[in-house]
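I opened my notebook to look a few things up in this structure. Here is what I wrote down, one entry at a time.

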Amino acid sequence: MKRICTALLVFAFSAGVLIAAEKPNFLVIVADDLGYADVGFTGSKEIFTPRLDELAKNGMIFENGYVTHPYCGPSRAGLITGRYQARFGMEINPTYSPYDLYMGLPLTEKTFAERLKPAGYRTGIIGKWHLGAAQPYHPNSRGFDYFYGFLSGGHDYFPDSVTTAFPLLLPNGNPHYSANEGCYLPLMRNNNAGEFNEYLTTALSRDAAKFVAESTAPFCLYLAYNAPHGPLQAPKETIEKYGHIKDKNRRTYAAMIDEMDRGIGMIVDALKKSGKLENTLIFFLSDNGGVTPKKGHENENWSNNGPFRKGKGSMLEGGSHVPFILHWPDGIKKPGKFSGLVSSLDIAATAVALAGGDTSGEALEGVNLAPYVSGAKKGSPHDALYWRVQDGVSWCVRTPTAKYLLENWGGTDTQLYDMKNDPYETTNIIDKAPEKRAELARMWNEWNSKNTANVLLQAGDYQKKRLQMYEELYQQQLKKAEKTQPTVIQ
Ligand code: CA
């Protein structure tokens with residue numbers, strides 16, 4: 001009886017009949033470092049993603065869909081809280097550090113899972129967490145009933161491989177400091193070791209399919225693939241399917257996306273079979289743009305963000321304009337493309353609004369997309385979207401018609417684009433539109449006045465300081481040992 005009650009959300013008296021609508025389910029699928037043009041629904045002819053393309057065709061394609069940061073950890077912090085991560089100073093990737101009670105998504109923030117649980121939801125996260133590894137930051141402490149995956153920022157894809165993609169020493173002999181410490185650890189299921197006996201993307205998909213099939217309460221599942229993030233690893237037979245791609249890196253990367261697409265198909269089939277597909281909102285997006293070559297990393301050539309410029313890390317469109325769709329048969333009357341500005345922040349806002357979730361605490365900053373995808377509301381959900389990296393070493397503001405940005409990490413290379421007529425940012429009009437520049441600067445300053453300073457250290461700096469601290473403590477102990485007389489017993 002209790003289960004039946006929690007499954008009922010809306011009672012509407014219509015034509016004398018009491019109608020009970022079930023609460024919708026939420027499946028939020030995030031790919032990692034996926035290039036904008038590397039799925040079929042954004043135009044790829046090289047990489048095959050039939051299951052995603054089917055969801056896109058029967059759902060809504062957000063043509064102007066963005067994440068809030070051009071790389072992993074901060075982007076995920078924005079998505080999972082529904083708040084700009086600069087509001088709470090998380091502008092750096094958290095380092096995997098299971099004994100550090102300060103390293104992770106600040107505990108002042110609520111995840112969307114925490115907001116949905118009081119509304120009767122079963123909540124799960126499968127895959128990459130990357131929001132802190134000490135117990136207070138563990139998914140089970142942040143509103144998730146269920147966790148299967150890894151706490152760090154990356155992971156090997158094969159259970160028996162020892163990766164060479166995250167070498168412990170750089171070519172110059174210096175240690176490689178990475179946010180991805182922990183990528184060799186066993187997978188976890190809640191607080192225990194979890195099994196890991198097949199290709200990782202398939203293992204995560206299989207577990208997700210099981211989660212959605214067995215959920216009897218309304219569910220919210222956050223499925224965070226690490227695919228197609230490095231290390232570039234895929235089953236041999238899938239790589240062979242991409243013989244038409246000459247570059248070896250891109251061939252493997254294509255196979256990783258292929259495996260992800262098939263995994264998503266497995267979950268969609270489980271939803272269909274259990275009669276939940278119609279009433280499930282499936283969001284799919286990437287956490288940032290695809291990796292593009294930088295100086296000294298010329299071999300990082302595998303992704304394609306075309307038609308956008310640059311990629312992961314950049315304030316240009318390639319950094320945070322991502323493939324982004326919503327599939328929801330019960331809520332989308334007419335499938336198609338949506339051109340208004342949509343943000344990853346909108347996922348939490350939509351879910352909490354539809355579920356009747358907890359809105360206490362810090363205010364959600366996204367927009368409920370349900371009336372936009374149903375056609376009830378027109379126009380752009382956002383008047384503007386904002387970005388800030390590490391206290392403003394680079395920044396950006398975008399409106400439906402214009403974009404103003406600083407690209408080069410603390411330099412003075414400001415750029416202004418007419419996004420209506422030049423959406424691919426070919427012509428910098430910074431010197432031609434001083435009023436527009438001033439207007440956008442005012443907007444960004446107003447937004448930034450409500451932000452707080454970044455509180456985390458980059459993984460390399462963090463680990464150097466941690467090693468220094470251990471070194472100092474060790475030297476103190478040595479001195480103490482020198483002075484200590486040996487114990488003599490009688
Ligand atoms: Ca990423």
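**Entry 1, the calcium ion.** I began with how the donor residues of the calcium ion are spaced in sequence, and I noted the pattern D-D-x38-C-x214-D-N. One pair, D33 and D287, links distant parts of the chain, with the two positions 254 residues apart. I found D33 in the loop between β3 (25-31) and α2 (50-57). D287 turned up in the loop between β10 (280-286) and α8 (317-320). I checked both for exposure, and D33 and D287 are buried.

Next I listed which atoms coordinate the ion: OD atoms of D32, D33 and D287 (D287 appears twice), SG of C72 and OD1 of N288. I wrote down distances of 2.2 to 2.6 Å. Then I looked at the angles among the six donor atoms, which run from 52 to 155 degrees, and the site is irregular.

**Entry 2, how far to trust the model.** I reminded myself that this is a predicted model. The mean pLDDT of the chain is 91, and 91% of the residues reach 70 or more. Two stretches made me add a friendly warning in the margin. Over residues 1-20 the pLDDT stays under 50, and the model has 25 contacts there beyond four places in sequence. For residues 162-179 the pLDDT is below 50 as well, with 39 contacts beyond near neighbours in sequence.

**Entry 3, helix α3.** I asked myself how many of the ten residues of α3 (residues 72-81) are buried. My count came to ten of ten, so I wrote "mostly covered", given that buried means under 20% relative accessible area. C72 from my first entry is one of these buried residues, and so are R76 and T81. What covers them includes β3, α4 (112-116), β5 (122-128), β9 (219-224), β10 and α9 (345-355). Just after α3, I saw that G82 takes a positive phi of about 75 degrees.

**Entry 4, the cysteines.** How many disulfides does the count give? I got zero. I wanted to know why C396 has no partner, and the reason is distance: its sulfur is 19 Å from the closest cysteine sulfur, in C72, which is too far for a bond. C396 counts as buried because its relative accessibility is 2%. C220 is buried too, because its relative accessibility is 0%.

**Entry 5, S152.** I located S152 in the loop between β6 (146-150) and β7 (188-189). Buried or exposed, I wondered about S152? S152 is buried, because its relative accessible area is 2%. The side chain of S152 reaches the backbone oxygen of G154 at 3.1 Å.

Definitions and conventions: Residues numbered from 1 in each chain as written. Predicted model: local features only at pLDDT ≥ 70, side-chain atom pairs only at ≥ 80, totals over all residues. Heavy atoms only, no water. Donors = N, O, S within 2.8 Å, 3.2 Å for Na, K, Ca; no water. Tetrahedral: all angles 85-135°; square planar, octahedral: opposite > 155°, others 65-115°. Helix = DSSP H or I, 4+ residues; strand = E, 2+ residues; numbered from the N terminus. Buried < 20%, exposed > 50% of the residue type's maximum accessible area, 1.4 Å probe, protein only. pLDDT = per-residue confidence, 0-100. Contact = heavy atoms within 4.5 Å. Polar contact = N/O pair within 3.5 Å; in protein donor to acceptor, adjacent residues only side chain to side chain. Disulfide = S-S within 2.5 Å.
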